[in-house]
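Me: Please take a close look at the C-terminal end of this chain, and set it against the rest of the fold. A connected account is better than a list.

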Amino acid sequence: MKNIAMIVLLAFLLLTLGACVGNGSWDQKPSSDLEGFPLNHQQVLKHLRTANEVSKEAVESGHPPFGAVLVAPDGETVLLKQGNVSLIDHAETVISRLAFEQKDPDYLWKCTLVTTVEPCVMCSGNIYWANIGNVVYGVEEVTVRELTGADKRNPTMNLPCRTVFKAGQKPIRVVGPVPELENELLATLRAFWK
């Protein structure tokens with residue numbers, strides 16, 4: 001049993017090191033190992049729950065249940081909250097664009113976008129161009145795709161945000177998924193796509 005645990009630990013360390021060294025990006029899984037990340041574990045959980053409340057508000061407004069918040073460099077202050085608005089106005093895209101209009105890019109680099117579901121390729125591109133340096137997501141996009149299927153309100157592409165960010169020139173730091181909140185976050189999605 002000890003040998004298996006050591007092999008798993010070694011594999012995790014090699015994967016993490018490879019992700020960090022390979023092309024300059026910074027990649028953390030799971031959320032309990034956040035050394036060097038602007039948010040600690042409790043802040044990650046708190047802000048994901050806030051984003052989930054925003055996703056519930058989106059549903060009340062007749063929109064799909066996705067929510068995001070932008071957290072200041074202090075790890076506590078929520079600068080912006082946003083739910084999905086339309087098929088192309090996703091929570092992360094809208095919040096990225098608003099932040100870019102309101103804040104200095106150097107400041108945004110120290111901020112963290114926290115979102116209930118992994119940013120899609122469109123949202124990842126907006127996060128990248130807005131210069132938001134840190135991302136936390138609760139549930140992987142592929143998990144949501146399995147839930148929604150071919151629903152026209154969520155035509156998901158199978159392109160993880162880490163892949164999009166690694167194709168760029170900025171070392172955007174990503175934490176997610178957060179398994180301990182997956183059921184809580186998916187409950188909102190399941191209720192919408194029942």
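Reply: Of the contacts in the chain between residues at least 6 apart in sequence, 65% join residues at least 24 apart. The model is predicted, with a mean pLDDT of 85 for the chain and 83% of its residues at 70 or more. Residues 1–26 have pLDDT below 50, and beyond near neighbours in sequence this stretch makes 24 contacts in the model. The chain has 8 helices and 6 strands, running from the N terminus as α-β-α-β-β-α-α-β-α-β-α-α-β-α. Of its 194 residues, 48% are buried.

The C-terminal end can be read from L189, which is found in helix α8. Is L189 buried or exposed? With a relative accessible area of 2%, L189 counts as buried because the cut-off for that class is under 20%. Leaving out residues up to four places away in sequence, L189 touches P65, F66, V117, V144 and L147. A further pairing across the sequence is that of L189 with S55: they are 134 residues apart along the chain, yet their C-alpha atoms are 8.9 Å apart in space.

L189 also belongs to the largest nonpolar core, which has 23 residues; L189 is listed with L39, V44, L48, V114 and V136 as having the most contacts inside it. At least two residues of this core come from each of α2 (41–60), β2 (67–71), β4 (112–117), β5 (134–139) and α8 (182–192). In soluble globular proteins, nonpolar side chains tend to be buried together.

Aromatic rings are the next feature of this end. A search of the whole structure finds 3 aromatic pairs. One of them is F192 with W193, an edge-to-face arrangement with 4.8 Å between centres and 80° between planes. W193 is buried, at a relative accessible area of 10%. F66, F192 and W193 make up one aromatic cluster, and F66 is also among the residues that L189 touches.

For comparison, a second core lies apart from the largest one. The largest core has 23 residues, and the other has 19, including A91, V135, Y137 and C161. Y137 also has a polar link: its side chain and that of R162 are joined by a polar contact of 2.6 Å. R162 lies in helix α7 (residues 161–166) and is buried, with a relative accessible area of 10%. The R162 side chain also reaches the backbone oxygen of G176, at 2.8 Å.

Helix α7 is in turn part of the cover of another helix: the buried residues of α5 are covered by elements including α3 (91–102), α4 (105–109), β4, β5 and α7. Why is α5 described as largely enclosed by the rest of the structure? Helix α5 (residues 121–130) is described that way because 7 of its 10 residues are buried, namely C123, S124, G125, N126, I127, Y128 and A130. The ring of Y128 has the charged end of K170 over it, 4.5 Å from the ring centre. After α5 comes N131, with a positive phi near 75°.

Strands β4 and β5 tie the two descriptions together: both supply residues to the core that α8 also supplies, and both are among the elements covering α5.

Definitions and conventions:
Residues are numbered from 1 along each chain as its sequence is written. Side-chain values use heavy atoms; hydrogens and water are left out. A nonpolar core is a set of buried Ala, Val, Leu, Ile, Met, Phe, Trp, Tyr and Cys residues joined through side-chain atoms within 4.5 Å. Buried means under 20% relative accessible area, exposed over 50%, partly exposed in between (1.4 Å probe, protein chains only). Helices (H or I, at least four residues) and strands (E, at least two) are DSSP runs, numbered from the N terminus. pLDDT is the predictor's confidence in each residue, from 0 to 100. Contact means heavy atoms within 4.5 Å. A polar contact is a pair of N or O atoms within 3.5 Å; within protein, one must be able to donate a hydrogen and the other to accept it, and residues adjacent in sequence count only if both atoms are side-chain atoms. Rings of Phe, Tyr and Trp (its six-membered ring) pair if their centres lie within 6.5 Å; planes under 30 degrees apart count as stacked, over 60 as edge-to-face and the rest as tilted. A charge sits over a ring if NZ of Lys or CZ of Arg is within 6 Å of the ring centre and within 35 degrees of the ring normal.
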